[in-house]
Number of protein chains: 2
Amino acid sequence: MSVGSPHELSCPVPILDGVEVLLAHGGGGRLSHQLIERMFRPAFQNDALNQRHDGAVVGLDGHRLAFTTDSYVVHPLIFPGGDIGQLAVNGTVNDLAMCGAKPLWLSVGLILEEGLPMTTLQRIVGSMRQAAQAAGVEVVTGDTKVVDRGKGDGLFINTAGIGLVEPGVSIGPSQVQPGDGIILSGDLGRHGIAIMAVREGLAFESTIASDTAPLSPAVQALMEARCAIHCLRDLTRGGLSSALVEIAQAGGRSMAIEERLIPVDEEVRGACEVLGLDPLYVANEGRFVAFVAPQDASRAVEILRRHPVGRDAVLIGRVTDVPDAVVTMESVLGVPRLVEMLSGEQLPRIC
Amino acid sequence: MSVGSPHELSCPVPILDGVEVLLAHGGGGRLSHQLIERMFRPAFQNDALNQRHDGAVVGLDGHRLAFTTDSYVVHPLIFPGGDIGQLAVNGTVNDLAMCGAKPLWLSVGLILEEGLPMTTLQRIVGSMRQAAQAAGVEVVTGDTKVVDRGKGDGLFINTAGIGLVEPGVSIGPSQVQPGDGIILSGDLGRHGIAIMAVREGLAFESTIASDTAPLSPAVQALMEARCAIHCLRDLTRGGLSSALVEIAQAGGRSMAIEERLIPVDEEVRGACEVLGLDPLYVANEGRFVAFVAPQDASRAVEILRRHPVGRDAVLIGRVTDVPDAVVTMESVLGVPRLVEMLSGEQLPRIC
């Protein structure tokens, strides 16, 4: 084989329409979804991938393990309310929690750019340590690579995580049923606006801080109270809208939510107006939605409210038996509209 | 907290002497080792990390899981004998094999640079698929991020992997005993020279191809034959020398090897001479050393020789009871010399 020549693939992988990778392929919206559905899922197809969830749940001799990974490329590395290190630990802890798993172990892969100040690395490693302690997980293995100046951007972090799913727990889009309550754990948009504000040098009256936080204690509390949780999803890239549409499509269920019930901080709302953003599409790092059986929905809200991350938890709508797996939202003016997945890239490198 | 201001760490992480990250911090040699020992291990200390092995072995209700991660930043993405996709699957499969584990599941985290040709991504995903099939592992979860042009280098891949360690298997530097045979699975330097040749535009008479390959089938064969394996290590960044010195130091044992017994292909040797490299420090991606109890050493060599990756397996020396955990090599001229860890960076971004 000559170097760099195209070779024939004995297992062809479908190619997408575009000729080049765009920022939006990593944005968590429609193009990300396309890349996953048309290239990655056909290439690696297996039962775990087909769960279309935040992480895979795999069986091992009677036990069920959750396994998940995320890379973090947030810019800037340090922002109001946190840094890339915290984000990288909390994000993967949260993906495990969204599988209904108790997070146990993390791996950390660092890609450093030559010239990164050692003090920056030190601070970020310190944040990872604190975040891991707070979430009760151990960083048990790691790897460090360094790329030459101009071939990276300070620091990228990958974390992968393993958690344990307790017997009887079955959480995922396919479990969602008509009548399920849709619970939002708190207000929207803090992380995205915090990043956007620093990056664009916007001066708001007071600083909006990222909501980055481990969600596992709140989720564990729901499980211990035996609430019938059908699906969980944290609201990262693509925001609440993309999360709901993804679950609707993956589970084949429709949903109806009410805009007036969705909490958005006044400052965040103001910033969104200035920036021309819809808070429903802005990224969060410490918020999730829970789909809970009707009889347990209000109890679940009560339990969440006892936890700092769920202080503002609220029931925002219901799963319906409308066909076509659509998500509709009644606006504050009482007008229904279709909620769609984020198309294009709203805020690149938000996590 | 104001943005970007240094904050007090309640759990201080030690800082290293240098003020900036250098390429050599990712080279697998002395500076990598320093970063791990002085910053990462103190920050995240736990039993699994203290095994100082290629991956962590963690216990789960009577089972033992191996968990490992590696990021791949090789340049160029496609090289004689393989591409970054194959490398990313084989490398993590091999780290699991080196823990004595049967590799089961992989996660894949992609960091793409805006503008990467879709055809390149397609080829690399196809290679990952083939490599996963060949190694008998499933890619069960993944993540994709995109960074803006000029903030990455085409494509970086992180893979993390989970494997199962059979009962009774106990492999690691601390298990190494005086008298153990040191078996090298094949000839040295193919991967490093293949990359170097393309990158530097060197024209050798015929193309030297990377040795990238899954090592798990050969390792499984040793285990099934109940060879008393005490330690395994694949020879990636830093080459044979760094691997032996690391194990010697971690296990507190000395080793004596013979240079004349170490296979190096004639073309690779010639290229090393031209480039001023020592094959003992050049990276490999399909080679490992096994430390095997004296009574099983020659049987282990026989078993390895039945596998393509172990065709040239050979006993290159013994663990000794010399104090101070040193590695000595008798040169082809019969002169003993001390083998040291790679210091500085020989070949940046080799994997």
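Start with chain A and select domain 2 and domain 3: their centres, taken over C-alpha atoms, are separated by 23 Å. The model on screen is a predicted one. Chain A is divided into domain 1 (1-45), domain 2 (53-165) and domain 3 (173-339), and colouring by these bounds helps with what follows.

**Stop 1: between domains 2 and 3 of chain A**

Show the residues where the two domains touch. Domain 2 of chain A brings 23 residues to this contact and domain 3 of chain A brings 25 residues. About 1,900 Å² is buried between them, with carbon and sulfur atoms giving 63% of that area. Now pick P80(A), N94(A) and M98(A). These are the residues of domain 2 that lose the most area to domain 3 of chain A, together 30% of what that side buries.

How many salt bridges are there between domain 2 and domain 3 of chain A? The count is zero. Polar contacts do occur across this interface: six residue pairs, both partners at pLDDT 80 or more.

Next, select helix 2 (84-98) and strand 5 of chain A, the elements that give two or more residues to the side of domain 2 that touches domain 3. Helix 2 of chain A gives the most, with nine residues. By class, this side of domain 2 of chain A divides into 11 nonpolar, eight polar and four charged residues.

**Stop 2: a salt bridge within chain A**

Select D265(A) and R190(A) and show their side chains, which meet in a salt bridge at 3.4 Å, N to O. D265(A) sits in the loop between strand 10 (254-258) and helix 7 (266-275) of chain A, and R190(A) sits in helix 4 (residues 190-200) of chain A, so the pair ties together parts that are 75 residues apart in sequence. Over all chains, the structure holds 36 salt bridges.

**Stop 3: between chain A and chain B**

Bring chain B into view. The contact takes 101 residues from chain A and 101 residues from chain B. The area buried between the chains is about 8,600 Å², and carbon and sulfur atoms give 68% of it. Select V21(A), F67(A) and M118(A): they supply 9% of the area that chain A buries against chain B, more than any other three residues.

For the charged pairs, go to R237(A) and D143(B), whose side chains meet in a salt bridge at 2.9 Å, N to O. Between chain A and chain B the count is eight salt bridges. There are also 28 residue pairs in polar contact between these chains, both partners at pLDDT 80 or more.

Several elements of chain A supply at least two residues each to the side that touches chain B, including helix 1 (30-44), strand 2 (63-72), helix 3 (118-135) and strand 7 (155-165). Which element supplies the largest share of that side? Select helix 3 of chain A, which supplies 12 residues. The whole side of chain A that touches chain B has 53 nonpolar, 31 polar and 17 charged residues.

**Stop 4: the axis**

Finally, superpose the copies. A turn of 180° and a shift of 0.0 Å along the axis lay chain A on chain B with an RMSD of 0.0 Å. The two copies are therefore related as by a two-fold rotation axis. To find this axis from chain A, select G152(A): its C-alpha is the one nearest the axis, 2.2 Å from it. The same surface serves both copies, since 100% of the contact residues of chain A recur in chain B.

Methods
Residues are numbered from 1 along each chain as its sequence is written. Chains are lettered from A and ligands numbered from 1 in the order in which they are written. This is a predicted model: local features need pLDDT of at least 70, side-chain atom pairs count only at pLDDT 80 or more; totals for chains, interfaces and linings use all residues. Side-chain values use heavy atoms; hydrogens and water are left out. Contact means heavy atoms within 4.5 Å. Buried area is the accessible area (1.4 Å probe) that two parts lose on being put together, summed over both. A salt bridge is a side-chain nitrogen of Lys or Arg within 4 Å of a carboxyl oxygen of Asp or Glu. A polar contact is a pair of N or O atoms within 3.5 Å; within protein, one must be able to donate a hydrogen and the other to accept it, and residues adjacent in sequence count only if both atoms are side-chain atoms. Helices (H or I, at least four residues) and strands (E, at least two) are DSSP runs, numbered from the N terminus. Ala, Val, Leu, Ile, Met, Phe, Trp, Tyr, Cys and Pro count as nonpolar, Asp, Glu, Lys and Arg as charged, and the others, Gly among them, as polar. Copies are superposed by least squares on the C-alpha atoms of residues with pLDDT of at least 70 in both. Domain bounds come from an automatic or database domain assignment.
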